[in-house]
Structure formats: C-alpha cells, structure tokens
Amino acid sequence: GEEVAATGKQVITAIVAGYEALGRASQGMTQHLGRRGFRMVPVIGPIGAAATAAKLLALSGEQTTHALGFAANVASGLYQGFAEGSMEPYYHAGNAAHNGVMAALTAKNGGVASPLAFEGSHGLFRTFTGSTEKSQQVVEGLGKGFAIKDVSMKPYATPMGNQEVTHLAVTLRQKVNDAS
C-alpha cells in the first residue's frame, strides 16, 4: 500500500480481495493437500498475495488473470518441515507473499500466464489434488458472500484443531508457575 500511496480504504479493499482469492482457491483443495504432503499456506498463499497486489496496483481484469496464473505456478511447500521441526514452516508465509507480489508485478509489466492455470489439465487443481473436478467451485457464488468472514485467528503455532488444548496447556503451565 505504501509503495503505491494507497488510501486506507484501498488497502482494506485489497486485503478483502486477497482473502476472497485465498478462500475460493482453497475450496475443493484443502482435504487433498495434506494427504499429498503439501501445506495450504505456501500453496494458496501466493494466490491471495497476488490478488491483493493486483488490486493495489490497479491491474486490469486480464492482468489480474495473469497475476493469478503466475501465482498458481509458484505454489509449493511441504509438511516435512513440521515433522523435522525445521524452519520451513516459517519460510512458507513470507515466500508465499513474495511470490504473489512478484506475480502481480510480472503481470503489470506485460507477463502473460495461462488462463487455465487453475483448471487446466496441468493446472493447480490437477497438480495438487489429482483432479480438476472441484475447480469450478472457485467461481461459484461470486458476490454472494466474502471469504474473509470465515477467517479464524490462531494464537498458537499449532493446527487449528489443537488451539483449545494448547491454550489450556499454556494456562495450566502459567498457573503452576504462579503457584511456585
């Protein structure tokens, strides 16, 4: 936002656009990614970042399509880092944001990506889920709600289903420490 002297309203609109792209791209993919060893943040993150940057850069519809296509091409990220306790999970979010911004800048500067980057026979859905069957869910119901309303906050660096247990453990530890 600072780079293009965007107003607060423009930044918020771009953030909502990014979350919408994230939410829509993840439809039909979530259950498949983990089973195949991929992590959601680095696979879908570049798409959200590209949509946000495209909005801030005021890209045309065609340029935005190219930006999203380039973002789909840099989707990556494995769960192995979690198993090893290494730094990859921390790298994923930053790399996803960087790749999304680079995708939007590439499109702004004339880069052309496949319009079938998501639903094509060698596109994002086929590559990461093994099928293009769910790819149409990405565009269904456009304008009938916003994905940002489904965003949840994770105060702990654990899977969403472990948040309550982790909170209880942290609270218990604090009470034990306070009693000592």
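Select Thr-52 to begin: leaving out residues up to four places away in sequence, Thr-52 touches Ala-14, Ile-15 and Gly-18. Keep in mind throughout that the model on screen is a predicted one. Thr-52 sits in helix α3, and with a relative accessible area of 18% Thr-52 is buried, since the cut-off for that class is under 20%. If you now display the side chain of Thr-52 together with the backbone of Ala-14, you will find a polar atom of that side chain 3.3 Å from the backbone oxygen of Ala-14.

**The whole chain**

Zoom out before going further. The protein contains 8 helices and 0 strands, and read from the N terminus its elements run α-α-α-α-α-α-α-α. The C-alpha trace spans about 65 × 40 × 35 Å along its principal axes. Of the 180 residues, 34% are buried, and among contacts with a separation of 6 or more, 74% are between residues 24 or more positions apart.

**α3 against α4**

Two packed helices are described by the angle between their axes and the distance between the axes. Select α3, residues 40-56, and α4, residues 61-73, whose axes come within 8 Å of each other and cross at roughly 155 degrees. The two helices are therefore roughly antiparallel, the class that applies to angles over 145 degrees, and their crossing is right-handed. To see what fills this contact, show Pro-46, Ile-47, Ala-50, Ala-51 and Ala-54 on the α3 side, and Thr-64, Ala-67, Leu-68, Ala-71 and Ala-72 on the α4 side. Coloured by class, the residues of the contact between α3 and α4 divide into 9 nonpolar and 1 polar, with no charged residue.

**The loop between them**

Next, follow the chain from α3 into the loop that leads to α4, and select Ala-58, which lies in that loop. The phi angle of Ala-58 is near 55 degrees, which is a positive value in a residue other than glycine. Is Ala-58 buried or exposed? Ala-58 is exposed, with a relative accessible area of 64%.

A second alanine is worth selecting alongside: Ala-5, in the segment before α1, which covers residues 8-26. Here too phi is positive in a residue other than glycine, with a value near 55 degrees for Ala-5, and Ala-5 is exposed, at a relative accessible area of 65%.

**α3 against α6**

Return to α3 and add α6, residues 88-108. The axes of α3 and α6 come within 7 Å and cross at roughly 40 degrees, so that these two helices are oblique to each other. The crossing in which α3 passes α6 is right-handed. On α3 the contact is made by Val-41, Pro-42, Gly-45, Pro-46, Ala-49, Ala-50, Ala-53 and Ala-54, and on α6 by His-92, Ala-93, Ala-96, Ala-97, Asn-99, Gly-100, Val-101, Ala-103 and Ala-104. By class, the contact of α3 with α6 comprises 13 nonpolar and 4 polar residues and no charged ones.

**α4 against α6**

Hide α3 and keep α4 and α6, which pack at an angle of about 140 degrees with their axes 8 Å apart. That angle makes α4 oblique to α6, and α4 passes α6 in a right-handed crossing. Which residues of the two helices meet? From α4 they are Gln-63, His-66, Ala-67, Phe-70 and Ala-71, and from α6 they are Ala-103, Ala-104, Thr-106, Ala-107 and Lys-108. The contact of α4 with α6 has 6 nonpolar, 3 polar and 1 charged residues.

**A last stop at Thr-129**

Finally, select Thr-129, which is found in helix α7, residues 124-129. Thr-129 counts as buried, at 10% relative accessibility. Leaving aside neighbours within four places in sequence, Thr-129 is in contact with Gly-28, Met-29, His-32, Arg-36 and Leu-124. Display the side chain of Thr-129 with the backbone of Phe-125, and a polar atom of that side chain appears 2.6 Å from the backbone oxygen of Phe-125. To end the tour, draw a C-alpha to C-alpha distance from Thr-129 to Val-176: the two are 47 residues apart in sequence and 45 Å apart in space.

Key:
Residues are numbered from 1 along each chain as its sequence is written. This is a predicted model: local features need pLDDT of at least 70, side-chain atom pairs count only at pLDDT 80 or more; totals for chains, interfaces and linings use all residues. Side-chain values use heavy atoms; hydrogens and water are left out. Helices (H or I, at least four residues) and strands (E, at least two) are DSSP runs, numbered from the N terminus. Buried means under 20% relative accessible area, exposed over 50%, partly exposed in between (1.4 Å probe, protein chains only). Axes are lines fitted to C-alpha atoms, for helices over the stretch in contact, and angles run from 0 to 180 degrees between N-to-C directions. Angles under 35 degrees count as roughly parallel, over 145 as roughly antiparallel, 65 to 115 as roughly perpendicular and the rest as oblique. A crossing is left-handed if the near helix is turned anticlockwise from the far one by less than a right angle, and right-handed if clockwise. Contact means heavy atoms within 4.5 Å. Ala, Val, Leu, Ile, Met, Phe, Trp, Tyr, Cys and Pro count as nonpolar, Asp, Glu, Lys and Arg as charged, and the others, Gly among them, as polar. A polar contact is a pair of N or O atoms within 3.5 Å; within protein, one must be able to donate a hydrogen and the other to accept it, and residues adjacent in sequence count only if both atoms are side-chain atoms.
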